[in-house]
Amino acid sequence: MFEKDLAAAGFLCLGGFAPGVGDRVPALAGGDRPNTLLLVGSTGPSIWPVLTKSPEWADGAADPLDRYTARVLGALAQSHGFEALFPFEGPPYHPFQQWAAACGGFSPSPMGVLAHRDFGPWAGFRAAFLSAGTLDAPRGADGSGPCETCADKPCLAACPANALSLSEGYDVPRCRDHLSQSRAFDCWSGCLARRACPYGTPHRQDPATARFHMESFIGL
């Protein structure tokens, strides 16, 4: 039922783990230590059709995705006995990438995002659900993600701004500068480096979803 409710709202469970001291997971509201963390996320095809029919999308106010996420996942977590944390809460911000690594199946990518063995670079982290109970948390793929064994790394050559390198990582200012030069660039319909990744292609963002995220990234 829990995962069906997530799917109906455009989300999915990316995995979970039993938090330890080094995982930087805060205490529950009552002071108890959480014994389970579930990582909740979305991919382009899953959330976009639901988001664009939401009141947050229709009202024209800023940050419709964050507001939709907070409303829907906050209520869903409460109805299933969880406490919800969100990546846009802060500062200080919660270490969602660290938590994703603890779930398994993810690896750092040259694009600055974590890539998943099944979802590639298309999994967005939307919330963490905490519980004092010990649950059979659905885990992500065992082991690390795909980047460590990807020999060709087509993402590096696909970036027209030359903003990616193995030695320097992701050069965010260079990427922003390139995007700001023209709204006609193909990047606006989806990051070309991400689209070159051979993993998770069924979960790619469509052009409308990609443009929404690009505009948020640039600050439009």
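His178 is a buried residue in this predicted model, with a relative accessible area of 14%. That value falls below the 20% cut-off, so His178 counts as buried. The residue sits in helix α7, and that helix is one of the elements that the buried residues of α9 pack against. From there, the tour below goes through the sheet, the helices around it and a few backbone details worth a look.

**His178 and its surroundings**

- Helix α7 spans residues 172–181, and His178 has its place there.
- Setting aside neighbours within four places in sequence, His178 touches Pro160, Ala161, Phe185 and Cys187.

**The sheet**

- Four strands make up an open sheet, and you can trace them in the order β1-β2-β6-β3 with antiparallel pairing.
- At the edges are β1 (12–17) and β3 (83–85), each of which pairs on one side only.
- Neighbouring strands in this sheet are turned by 25° against each other on average, direction ignored.
- Starting from the β1 edge, β1 and β2 are joined in the antiparallel sense by 5 bridges, and Cys13 stands opposite Val40 in β2.
- Next in the order, β2 and β6 run antiparallel and are connected by 7 bridges; here Gly41 has Phe125 in β6 as its bridge partner.
- At the other edge, β3 pairs with β6 (residues 124–131) through 3 bridges, again in the antiparallel sense, and Glu83 is found opposite Leu130 in β6.

**How enclosed the strands are**

- Strand β2 is largely enclosed by the rest of the structure, because 7 of its 7 residues are buried.
- Both faces of β2 are covered: one side carries the buried residues Thr36, Leu38, Val40 and Ser42, while the other carries Leu37, Leu39 and Gly41, also buried.
- Although β1 is an edge strand, 5 of its 6 residues are buried, so β1 too is largely enclosed by the rest of the structure.

**Helix α4 and its partners**

- Helix α4 (residues 64–79) lies across β2 (36–42), β3 and β6, and runs at about 25° to β6.
- Helix α4 also packs with α2, at an angle of about 90° and with the two axes 11 Å apart.
- The two helices α2 and α4 are therefore roughly perpendicular to each other.
- On the α2 side of this contact are Ile47, Val50 and Leu51, which meet Pro64, Leu65 and Tyr68 of α4.
- By residue class, the contact of α2 with α4 comprises 6 nonpolar residues, no polar ones and no charged ones.

**Helix α9**

- Helix α9 covers residues 207–218, which makes 12 residues, and its first and last C-alpha atoms are 16 Å apart, close to the 16 Å expected at 1.5 Å a residue.
- Its buried residues are Thr209, Ala210, Phe212 and Met214.
- These buried residues of α9 pack against α2 (44–51), α3 (55–58), α4 and α7.
- Just after α9 comes Gly219, with a positive phi of about 95°.

**Leu156 in helix α6**

- Leu156 belongs to helix α6 (residues 154–158).
- With 22% relative accessibility, Leu156 counts as partly exposed; the cut-off for buried is under 20%.
- Apart from neighbours within four places in sequence, Leu156 is in contact with Pro110, Leu164, Ser165 and Leu166.
- Leu156 and Arg194 are 38 residues apart along the chain, and their C-alpha atoms are separated by 9.6 Å.

**Backbone details to check in your viewer**

- The peptide bond from Gly90 to Pro91 is cis, with omega near 0°.
- The bond that follows, from Pro91 to Pro92, is cis as well, with omega near -5°.
- Pro91 lies in the loop between β3 and α5 (96–103), and Pro92 is found in that loop too.
- Asp63 has a positive phi, near 55°, and is a residue other than glycine; you will find Asp63 in the loop between α3 and α4.
- Lys153, also a residue other than glycine, has a positive phi near 45°; Lys153 is in the loop between β6 and α6.

Notes. Residues numbered from 1 in each chain as written. Predicted model: local features only at pLDDT ≥ 70, side-chain atom pairs only at ≥ 80, totals over all residues. Heavy atoms only, no water. Pairing = 2+ DSSP bridges. Axes fitted to C-alpha atoms, helices over the stretch in contact; angles between N-to-C directions. Contact = heavy atoms within 4.5 Å. Expected span 1.5 Å × (residues − 1). Buried < 20%, exposed > 50% of the residue type's maximum accessible area, 1.4 Å probe, protein only. Parallel < 35°, antiparallel > 145°, perpendicular 65-115°, else oblique. Nonpolar A, V, L, I, M, F, W, Y, C, P; charged D, E, K, R; others polar.
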